[in-house]
Amino acid sequence: TIYVVGVVIRFNASLTHQYAFEGNATTETTRDQQVAMLDVEIGEWVVKGEQIGRFLTPLPLDHVHFAVYINEAICPRLVMGVDDYNEIMILVHSFHPTWELCYLP
């Protein structure tokens with residue numbers, strides 16, 4: 001079993017933003033450590049720029065997924081402003097300089 005710790009932020013009835021802290025943690029202890037590093041609780045309101053948690057990275061392949069859903073998964077770029085897109089791409093490119101945010105068909 002590999003544990004994934006998720007955070008879902010609901011904007012309205014059809015739009016959600018989801019983060020999945022996906023480590024290669026195979027123990028409940030490591031999963032519990034990641035849960036303890038979340039800064040939000042169920043039902044709390046968050047605002048843009050607010051930290052929702054920190055990521056426990058005990059192994060080299062650990063990573064964070066994020067996704068935007070409008071009834072189904074879409075490319076997050078479709079709902080981002082220019083500044084938001086540039087900010088996330090600076091982060092992405094600091095780890096993988098050739099990656100895109102998403103690969104549309």
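The predicted model has an average pLDDT of 86 over the protein, and 97% of the residues reach a score of at least 70. Among the elements, helix α2 (residues 82–95) has the highest mean pLDDT, 90, whereas β3 has the lowest, 86.

Two pockets are described in the table below.

| Pocket | Volume | Lining residues | Nearest the centre |
|---|---|---|---|
| Largest | about 1,900 Å³ | 46 residues | H17, Y19, F66, I88 and L91 |
| Second largest | about 440 Å³ | 15 residues | V8, I9, E41, G43 and E44 |

Several elements contribute to the lining of the largest pocket: β2 (15–22), β3, β4 (72–74) and α2 each supply at least two residues. The largest share, seven residues, comes from β3. By residue class, the lining of the largest pocket divides into 30 nonpolar, nine polar and seven charged residues. For the second largest pocket, the corresponding division is 10 nonpolar, two polar and three charged residues.

The report now turns to a single residue, K48. This residue is located in the loop between α1 (28–36) and β3 (63–70). K48 has a relative accessible area of 69%, and it is therefore classed as exposed, since the cut-off for that class is over 50%. In sequence, K48 and D84 are separated by 36 residues, while in space their C-alpha atoms are 10.0 Å apart. The side chains of K48 and D84 are nevertheless joined by a polar contact of 2.7 Å.

Key
Residues numbered from 1 in each chain as written. Predicted model: local features only at pLDDT ≥ 70, side-chain atom pairs only at ≥ 80, totals over all residues. Heavy atoms only, no water. Helix = DSSP H or I, 4+ residues; strand = E, 2+ residues; numbered from the N terminus. Buried < 20%, exposed > 50% of the residue type's maximum accessible area, 1.4 Å probe, protein only. Polar contact = N/O pair within 3.5 Å; in protein donor to acceptor, adjacent residues only side chain to side chain. pLDDT = per-residue confidence, 0-100. 1 Å grid on protein atoms, 1.4 Å probe; cavity = no way out; pocket = protein on both sides within 12 Å on 5 of 7 lines; lining within 4 Å. Points joined across faces, edges and corners; volume = space filled by probe spheres on them. Nonpolar A, V, L, I, M, F, W, Y, C, P; charged D, E, K, R; others polar.
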